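Trainee: I am new to this one. Can we walk through it together, one question at a time?

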Amino acid sequence: MKKLHLAATTALILAPLAASAETLSLYNWGDYINPAVLEAFTEETGIEVTLDSYGSNEEMLAKIQAGATGYDIVFPSVHMHDIMFQLGLLAKTDIGKAPGFENIDPQFVRAKTDPDAEYCLPYAWGNVGIVYNKALAGDIKSWADFFALGAEGKKITLLDDLRETIGIGLIVNGNSVNSTDPDEVEAAADYIIDHIAGVTAFTYDSVPQVISGDVAAAHWYVGANLYVSENPDTIGYIIPEEGATMYQEDICVLESAPNKEAAQKFLEFYLKPEIAAMNVEQQMNGTPNKPAQALIPEAIAANETIYPSQEVMDKLQIFEDLGRDLQLYNSEWTRIKTAQ
């Protein structure tokens, strides 16, 4: 009885302490935040952070809509930010009025449903181009060069993402990656199908294969620069001459978040230039935080595939929410997958 009594008493003493410990649960793209940022947040606030990852906007949305509870913050792309707002999944934070928001370059407040940043904070941006094996691919410069490798019998991979992959066809044909013209979307899919020789997979796990030489080149993100910095003699990364897509993710608090106060603290913490710069050092993405850019290592700031010239930026297109017109892409994606 004594042991039971002691155990019960201990539980009663500890229960309030456990309840008072703040926590924060992030749901983010895989490997898309520097762990040092989370450690710094915990050190400053005492709030413990957990992190789960997803591979696509659609995967994240499906899990939230299926009733996943416990997540506080998600990192949707801008068009998914708009979709989630329309579905009533986002909490109002008024981050746009927070001290430090003046650090954010206004051009990155992109979500059409959130023009005053009342809900989400611009997080990071980048482009989607080609990572290639220098020995196998040579000095490639374009999507035409990329697909020529496949025609030569060398292995190439495309992202397992309908809009990114069909987007290549739209760009090469001189059209918008947000086209809702059935003929343009069909022609873009035709371009991919006509050049599908050598495409061994639609995958996100390409970089190790490019480094090993199992694959000559892969359709991949600017974050490939992290691997390029570690293997500069083996691989390279380019933004194709014809143009490419760009992406931007925002930090959003879920309406269902159990720890909204902690989530608000994280958004405000991420407004600090030194924190945004810390993330860029490991992620090699662009940051919307203007003062942070002066704190970024020169090797990153001077890398024109990470921070392109205005001429190249003008050739980068960002996805918008297409609503029901996304069905056009779904149909063509099925055609591409069955043609492989």
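Mentor: Start with a pair of helices. The model is predicted. In it, the crossing of helix 3 and helix 4 is right-handed.

Trainee: Which residues of helix 4 make the contact with helix 3?

Mentor: Helix 3 brings Asn57, Glu58, Met60 and Leu61 to the contact. From helix 4 come His79, Met80, Ile83 and Met84.

Trainee: How many nonpolar residues does that contact of helix 3 with helix 4 have?

Mentor: Sort the contact by class. There are 2 polar residues and 1 charged residue. The nonpolar residues number 5.

Trainee: Are helix 3 and helix 4 roughly parallel or roughly perpendicular to each other?

Mentor: Helix 3 covers residues 57–65, and helix 4 covers residues 78–86. Their axes are 11 Å apart, at an angle of about 20°. Angles under 35 degrees count as roughly parallel. Therefore helix 3 and helix 4 are roughly parallel.

Trainee: Now helix 7. How many of its residues are buried?

Mentor: Helix 7 spans residues 162–172 and is mostly covered. Its buried residues include Leu162, Arg163, Glu164 and Gly167. The count is 10 of its 11 residues.

Trainee: What does a side-chain oxygen of Asp161 reach at the start of helix 7?

Mentor: Look at the start of the helix. The oxygen comes to within 3.0 Å of a backbone nitrogen. That nitrogen belongs to Arg163.

Trainee: And which residue with a positive phi follows helix 7?

Mentor: Go to the other end of the helix. The phi there is near 80°. The residue is Gly174.

Trainee: How is helix 7 set against helix 15, roughly parallel or roughly perpendicular?

Mentor: Helix 15 covers residues 326–339. Its axis and that of helix 7 are 10 Å apart, at an angle of about 85°. Angles of 65 to 115 degrees count as roughly perpendicular, so helix 7 and helix 15 are roughly perpendicular.

Trainee: Which residues of helix 15 meet helix 7?

Mentor: Helix 7 offers Leu162, Arg163, Thr165, Ile166 and Leu170. By class, the contact has 7 nonpolar, 2 polar and 2 charged residues. The helix 15 side is Leu326, Tyr329, Asn330, Glu332, Trp333 and Ile336.

Trainee: Is Asp183 buried or exposed?

Mentor: Asp183 sits in helix 8, residues 182–194. Its relative accessibility is 58%. Exposed means over 50%, so Asp183 is exposed.

Trainee: How far apart in space are Asp183 and Leu328?

Mentor: In sequence they are 145 residues apart. From C-alpha to C-alpha, the distance is 9.9 Å.

Trainee: Is Thr203 buried or exposed?

Mentor: Thr203 lies in the loop between strand 6 and helix 9. Leaving aside neighbours within four places in sequence, it is in contact with Thr157, Leu158, Leu159 and Asp160. Its relative accessible area is 14%. Under 20% means buried, so Thr203 is buried.

Trainee: Which backbone nitrogen does the side chain of Thr203 reach?

Mentor: The distance is 2.9 Å. The nitrogen is that of Asp205.

Trainee: Last one. Which residue has its backbone nitrogen 2.7 Å from a polar atom of the side chain of Asn279?

Mentor: Asn279 is in helix 12, residues 273–283. At 3% relative accessibility, Asn279 counts as buried. Not counting residues up to four places away in sequence, it touches Tyr32, Ile33, Asn34, Val37, Tyr123 and Tyr270. The backbone nitrogen belongs to Asn34.

How values were computed. Residues numbered from 1 in each chain as written. Predicted model: local features only at pLDDT ≥ 70, side-chain atom pairs only at ≥ 80, totals over all residues. Heavy atoms only, no water. Buried < 20%, exposed > 50% of the residue type's maximum accessible area, 1.4 Å probe, protein only. Helix = DSSP H or I, 4+ residues; strand = E, 2+ residues; numbered from the N terminus. Polar contact = N/O pair within 3.5 Å; in protein donor to acceptor, adjacent residues only side chain to side chain. Axes fitted to C-alpha atoms, helices over the stretch in contact; angles between N-to-C directions. Parallel < 35°, antiparallel > 145°, perpendicular 65-115°, else oblique. Left-handed = near helix turned anticlockwise from the far one by under 90°. Contact = heavy atoms within 4.5 Å. Nonpolar A, V, L, I, M, F, W, Y, C, P; charged D, E, K, R; others polar.
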